Amino acid sequence: LEKFIEKVRPDLVGSGIKEKYPVQKMGIPFRQMHSWDYSGPYHGYDGFAIFARDMDLAINNPVWDLFDAPWTKEAPLAAAAE
């Protein structure tokens, strides 16, 4: 999943609890799709509005400006070779 995220560089990842913390450590907003991460429910017509709100809060959270994604950092071996 980490290699896929590095290649695709999504704005948001939605998955289960096991992927939550590694994805967030990569500097990518994340929403839990199984337990709704203290929000939800996401099913049905009313649930879509809740999901849209939660996506907006995750993507536009100012904390993401404090992170650098791993693929934006210069690799130490590449820097030493130059």
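This short talk walks through three residues of the structure shown above.

Before I begin, please keep in mind that this is a predicted model, in which local features need pLDDT of at least 70 and side-chain atom pairs count only at pLDDT 80 or more, while totals for chains, interfaces and linings use all residues. Residues are numbered from 1 along each chain as its sequence is written, and side-chain values use heavy atoms, with hydrogens and water left out.

Let me start with methionine 26, which sits in the loop between α2 (17-25) and β2 (30-32); helices here are DSSP runs of H or I with at least four residues, strands are runs of E with at least two, and both are numbered from the N terminus. Methionine 26 counts as buried because its relative accessibility is 6%, where buried means under 20% relative accessible area, exposed over 50%, and partly exposed in between, using a 1.4 Å probe and protein chains only. From C-alpha to C-alpha, methionine 26 lies 8.0 Å from phenylalanine 67, although 41 residues separate the two in sequence.

I turn now to helix α3, residues 44-59, where we find aspartate 54. With a relative accessibility of 4%, aspartate 54 is also counted as buried, and, once neighbours within four places in sequence are set aside, aspartate 54 is in contact (heavy atoms within 4.5 Å) with Arg31, Ser39, Gly40 and Tyr42.

Phenylalanine 51 belongs to helix α3 as well, and at 17% relative accessibility phenylalanine 51 counts as buried. Not counting residues up to four places away in sequence, phenylalanine 51 touches Met33 and Tyr42; its C-alpha is 9.5 Å from that of methionine 33, with the two residues 18 apart in sequence.
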